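Biologist: I'd like to learn how to read a model like this one. Could you take me through it feature by feature?

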Amino acid sequence: MTSLIVKNGRVLDPASGLDEVATILIGDGVIKRISGSRESLREQIIDATGLLVCPGFIDLHTHLREPGREDKETIATGTRAAAAGGFTSVCAIPNTNPVIDSQTGLRFIISRAETDACVNVVPLASVTRGQCGEEIVEFGDLVYYGAKGFTDDGHPVMNTEIMRRALEYSAMFDVPILDHCEDLLLSDGGIMREGFVSTKLGLKGIPPLAESMQVARDADLAEYTGGHVHIMHISTAQSIEHIRRAKARGVRITCEATPHHLTLTDEALYNFSTAAKVNPPLGTANDRDALVSALADGTINCIATDHAPHTDIEKDQPICDAPFGMIGLETAFPLLYTRLVLTGHISLQSLVDKLTRGPAGVIHLEPRGTLTEGAPADIVLINLDKEFTVGAEPFFSKSANSPLIGEKLCGRIETTIVGGKVVMHNRVFA
Amino acid sequence: MTSPKRPSVFKHKHLLGLEHLTADEIIMILDSAAGMKEIFTRTVKKVPTLRGKSVCNLFFEHSTRTRTSFELASKRLSADVINFNVATSSVAKGESLLDTARTIQAMHVDFVVMRHSCPGTPHLLAERLKMSVINAGDGAHEHPTQGLLDTFTMRDKRGSLAGLKVAIVGDILHSRVARSNIWALSKLGARVALVGPSTLVPRHFERLGCEIHHSLKDGIAGADVINLLRIQLERQRKNLFPSIREYRLLYGLTKERLKYAKRDVVVMHPGPINRGVEISQDVADGPHSVIEEQVTNGIAVRMAVLYLLSGARDAPVPEDA
């Protein structure tokens with residue numbers, strides 16, 4: 001039985017190669033049929049004429065902050081921010097308090113998502129207990145209860161022996177380890193990327209080596225163990241070279257890039273903006289260009305936001321004391337569409353691909369991420385021509401730590417459909 | 001040294017650094033400081049220029065000479081001065097920096113003189129509050145009044161900065177003094193040579209037009225001015241150089257090494273000095289050294305800064321005393 005019709009939109013689904021004006025019939029939460037012809041039924045009809053209709057976006061890297069820091073974000077507010085940005089599935093990063101490192105924690109996320117979330121929450125678990133980098137978690141039990149990936153994001157596993165065992169062990173469950181690559185001895189309290197700008201500002205720099213050497217390490221470990229390593233928020237040209245070479249020799253390595261690393265540079269720190277303080281730090285124009293090329297040539301598998309909400313109290317401090325991170329869910333698509341697609345650096349197909357099929361492939365979330373018949377009806381409708389100013393309307397996230405406030409961007413998310421239900425339409429939630 | 005179109009009013013409300021000042025604005029401060037220095041020779045070393053204004057020294061790092069210098073500069077202009085002691089203040093009770101600053105503002109203070117270990121902190125205050133903010137050193141970023149007093153001293157000794165070769169020797173990487181000097185000197189037409197070990201002299205400064213030297217002999221060759229920086233022991237713990245002994249061997253300025261520079265070279269140091277490390281006893285106390293004059297000039301420069309930031313016209317220093 002059909003319950004929702006999205007008619008006459010430009011249906012763009014990179015996974016199936018579809019890009020035409022069509023109508024989608026939805027029932028029982030899944031896509032029943034996609035057709036070029038117009039249907040006249042009694043069900044709820046959304047007129048998508050003039051809009052882009054694509055699979056809902058999937059974010060591998062969302063800090064929902066619950067449990068522990070509900071003053072920054074909750075599962076309720078974080079998933080609203082996701083829906084407002086066109087994301088229908090978000091992976092909850094487990095660096096909460098307590099850390100999600102056991103079945104109990106995982107069940108908390110899943111049950112809280114059932115009551116509070118307006119998009120799909122995909123639980124991740126930590127690699128080591130308490131993210132202490134010492135004992136690996138119960139991968140088998142956690143996978144059984146729904147963990148789709150494992151990460152010690154924010155507290156990277158520095159001990160190479162432990163990382164080796166984690167990759168070797170996780171390989172038997174076919175789940176990726178998502179690694180925040182940072183050699184903590186090299187980054188050593190740095191605030192921003194080491195280079196001309198940090199030298200001018202007198203801010204302690206983080207050398208690009210702090211990331212790239214760990215990427216090279218992980219590539220070799222993945223090759224040796226047969227495990228799947230996914231490099232989070234890649235930010236340097238050298239890291240891309242390591243991944244490109246590893247992929248060429250068949251290593252199970254994937255990677256993501258954030259909207260901010262793809263569009264901003266360390267020059268955003270010139271006014272000591274704490275909103276632009278992020279880890280890994282924003283790189284040089286050379287790094288940004290290398291990331292954009294790697295996105296275009298497929299070396300980068302997907303875009304992930306690293307949505308990292310922080311309160312004004314924490315960000316209104318001297319830059320050395322302010323925490324790393326920026327929010328990203330609500331600006332990801334418009335930012336990339338405006339700065340990369342409209343400028344001709346990548347195609348719209350490629351951008352949508354990296355927000356849908358790309359991330360789904362990394363954590364095996366298929367058939368999410370496509371608009372084929374039988375797939376879950378997670379759909380986003382976008383008005384590509386609509387321009388807006390970031391921050392003119394309040395964020396749905398509990399936090400507002402974005403360096404993009406005041407920027408004019410194109411591509412407004414009109415409607416977000418999750419499991420066949422309209423959860424957000426014209427900034428109003430169901 | 002006066003250019004044809006000098007500004008008649010100092011347009012800035014804050015002094016956060018020298019990077020964003022023009023050469024004319026820097027000259028305006030130096031000229032004004034020359035007038036202030038004249039006051040020191042009077043019997044009553046005080047003018048009523050800032051009577052009724054209050055200055056708060058807000059220092060989050062230890063400092064003796066800079067804080068004292070600002071205090072005397074304020075007092076010689078008849079401003080009321082309060083020193084905010086961070087160690088015994090509400091900051092120690094966990095109050096945020098902005099709340100502390102808002103409290104001071106609520107007391108109707110006109111100027112905040114701020115030192116903080118983190119770059120950009122005076123900028124944060126300037127952005128959020130109504131008071132005039134003077135940066136008295138923000139981490140390794142800038143120390144504008146030190147840059148001005150160094151420049152003032154060089155100009156005093158040489159007449160003009162244009163074409164001078166100035167060698168800055170030491171830990172450039174962590175030095176706010178070096179950065180403020182680089183901005184002022186390059187704007188005023190001096191050649192800047194940065195000298196020190198490769199770990200402490202970032203190559204990136206070449207993009208600002210500086211020469212980079214790792215040999216003291218090459219770096220100070222033909223120099224008109226040598227500005228020495230204090231070497232901090234904690235850098236050794238980070239392996240940025242192997243030992244004080246080796247630092248002295250490679251970069252210590254001795255009487256013998258002075259001969260590589262110009263015969264009448266001026267030797268400067270922002271203090272506090274490590275005698276026998278970056279500078280030998282005989283050089284520190286010798287005829288080339290102007291270290292004590294720098295201290296005196298520091299007060300004049302800080303008076304000029306307070307005076308100009310208070311919105312004063314480019315009038316001569318008030319005669320009434």
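Modeller: Sure. Let's start with a rule: a salt bridge is a side-chain nitrogen of Lys or Arg within 4 Å of a carboxyl oxygen of Asp or Glu. Keep in mind that this is a predicted model.

Biologist: How many salt bridges does that rule find across the interface of chain A and chain B?

Modeller: Three. One of them joins D188(A) to K238(B), with 2.9 Å between the closest N and O atoms. The interface also has five residue pairs in polar contact. As for classes, chain A's side of it holds seven nonpolar, four polar and three charged residues.

Biologist: How many residues does each chain put into the contact?

Modeller: Chain A gives 14 and chain B gives 21. Together the two chains bury about 1,500 Å², 66% of it on carbon and sulfur atoms. On the chain A side, F196(A), T199(A) and K200(A) lose the most area, together 40% of what that side buries.

Biologist: Now sheets. How do the strands hold on to each other?

Modeller: Strands of a sheet pair through backbone hydrogen bonds, either parallel or antiparallel. Chain B has an open sheet of four strands, ordered β2-β1-β3-β4 with parallel pairing. Its edge strands are β2 (80–85) and β4 (132–138). On average, neighbouring strands are turned by 15° against each other, direction ignored.

Biologist: How many bridges join β1 to β3 of chain B?

Modeller: Five, between residues 54–59 and 111–116. Look for C56(B), which stands opposite V112(B).

Biologist: And which helices lie on this sheet?

Modeller: Among them is α4 (residues 121–128) of chain B, lying across β1, β3 and β4 and running at about 170° to β4(B). Helix α11 (residues 291–309) of chain B touches β1, β3 and β4 too, at about 150° to β4(B).

Methods: Residues are numbered from 1 along each chain as its sequence is written. Chains are lettered from A and ligands numbered from 1 in the order in which they are written. This is a predicted model: local features need pLDDT of at least 70, side-chain atom pairs count only at pLDDT 80 or more; totals for chains, interfaces and linings use all residues. Side-chain values use heavy atoms; hydrogens and water are left out. Contact means heavy atoms within 4.5 Å. Buried area is the accessible area (1.4 Å probe) that two parts lose on being put together, summed over both. A polar contact is a pair of N or O atoms within 3.5 Å; within protein, one must be able to donate a hydrogen and the other to accept it, and residues adjacent in sequence count only if both atoms are side-chain atoms. Ala, Val, Leu, Ile, Met, Phe, Trp, Tyr, Cys and Pro count as nonpolar, Asp, Glu, Lys and Arg as charged, and the others, Gly among them, as polar. Two strands pair if DSSP finds at least two bridges between them. Helices (H or I, at least four residues) and strands (E, at least two) are DSSP runs, numbered from the N terminus. Axes are lines fitted to C-alpha atoms, for helices over the stretch in contact, and angles run from 0 to 180 degrees between N-to-C directions.
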